[in-house]
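Got your viewer open? Here is a short walk through the model, with a suggestion at each stop for what to select next.

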Amino acid sequence: MGIPKGGIAFFDSGIGGLTVLSSYEQYIIDVARAHKDVPLYYYGDNKRAPYGNLSEERIRRNVKRAFRVFCRLKVCAVVLACNTVTAVCAEELREKYSFPIIGAEPAVLPAAKHGGKIVILATNATCASKRFHSLCETARKKFPRTDIKIYPCEGLAGEIEAHIQDAEYDYSQFLPLGSPDSVVLGCTHYVYIKDKIQRHYGCDVYDGNEGIAHRILTVFEESCQKNRDGRPPTEKKCSKKGETTTFHPRKGEEKPTKAKANKRSYKNAKTGVKCTKNNQKVPVFFLGRCRKINQNTYKQMFGVKIFSKN
């Protein structure tokens, strides 16, 4: 059986976006149980990771491949679970595709609200982007008592990708010296070592995952309100090539019975692998060439129970 269509897709250069996916899963389990049956897709481009040192042209080309898959799945929304991709091409993607696109923004404003010295850790590509600098400038104007320093952590995302299973690996060589009042993580990969960064500096460390989860749910609810019967009035173009996507909100729809759920196949070797988290009915399908790498990482790092046969 193929992957169901009409779900929410998460895209990242590798394993970093799994932290965003996990945050959203927990959010809907705790806050929005009515949305647990909306399928989730994860596409990690691990073989080309990290994106932070790539040119903008190559990043756009890599993202385009993933979006072709999302169009075929008729996604209702895409989460750019990568700060670099968000900084480089979020706006042009929103202009091109009809479905909502939620970006990953560093939690600069929540940190700046408390004032003091703030260090933002990010990739080279994020640090060089106009979108990121605009966010920092907004924070400076809104909270003038804040001293914001931007630090490009060259190579850190790649090291996390390579050493994620090594709890003793020392990442301090990639971190700047200093005694900031707070640190902002400008890359979803960095969330894996959030505790280590917090111990290293002895201050509060902010990531944007909770804000992303809240934004996804807000966008979903807004779409449901616009389409009270759960279906849009027409099918819209989602790309210049004529590919189409249809938004099928699940709010108010009848949930599958247990009998139907038990008949579903939990594996599709060609297109994705399904899993659920903590025995909750949150269907996740891993996509792309690196689906098994991300599936296994998700299982090990976030306690996911896998039902597929390997």
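**Stop one: a ring in the interior**

Select Phe11 to begin: its relative accessibility is 0%, so it counts as buried. Keep in mind as you click around that this is a predicted model.

Now zoom out for a moment. The protein has 310 residues, and 54% of them count as buried. Colour by secondary structure and you should be looking at 11 helices and 14 strands. If you switch on a surface, the accessible area comes to about 15,000 Å², with 48% of it belonging to carbon and sulfur atoms. As for contacts with a separation of 6 or more, 72% of them are between residues 24 or more positions apart.

**Stop two: add the partner**

Which way do the rings of Phe11 and Tyr43 sit: stacked, edge-to-face or tilted? Show both side chains. The ring centres are 5.8 Å apart and the planes make an angle of 45 degrees; stacked would need under 30 and edge-to-face over 60, so this pair is tilted. Tyr43 counts as buried because its relative accessibility is 12%, and the cut-off for buried is under 20%.

Follow the backbone from each ring. Phe11 belongs to strand S1 (residues 8–12) and Tyr43 to strand S2 (residues 40–44), so the pair ties together parts that are 32 residues apart in sequence.

**Stop three: widen to the cluster**

Next, select Phe11, Tyr43, Tyr51, Phe67, Phe70, Tyr97 and Phe99 together: ring pairs link them into a cluster. Across the protein, the count of aromatic pairs is 14.

Pick out Phe70 from that group. You'll find Phe70 in helix H2 (residues 56–72), and at 0% relative accessibility it counts as buried. What does Phe70 touch, leaving aside residues up to four places away in sequence? The list is Ala9, Phe10, Phe11, Tyr43, Val75, Val78 and Leu287. Try a distance label too: from Phe70 to Gly7 is 9.3 Å, C-alpha to C-alpha, although they are 63 residues apart in sequence.

**Stop four: a pair within one helix**

Last, jump to helix H11 (residues 291–302) and select Tyr298 and Phe302. They are four residues apart in this helix, so about one helical turn separates them. Their rings form a tilted pair, 5.2 Å centre to centre with 50 degrees between the planes. Tyr298 has 0% relative accessibility, so it counts as buried.

Notes. Residues numbered from 1 in each chain as written. Predicted model: local features only at pLDDT ≥ 70, side-chain atom pairs only at ≥ 80, totals over all residues. Heavy atoms only, no water. Phe/Tyr/Trp six-rings, centres within 6.5 Å; stacked < 30°, edge-to-face > 60°. Helix = DSSP H or I, 4+ residues; strand = E, 2+ residues; numbered from the N terminus. Buried < 20%, exposed > 50% of the residue type's maximum accessible area, 1.4 Å probe, protein only. Contact = heavy atoms within 4.5 Å. Areas by Shrake-Rupley, 256 points an atom, 1.4 Å probe, with all protein chains shown as cover.
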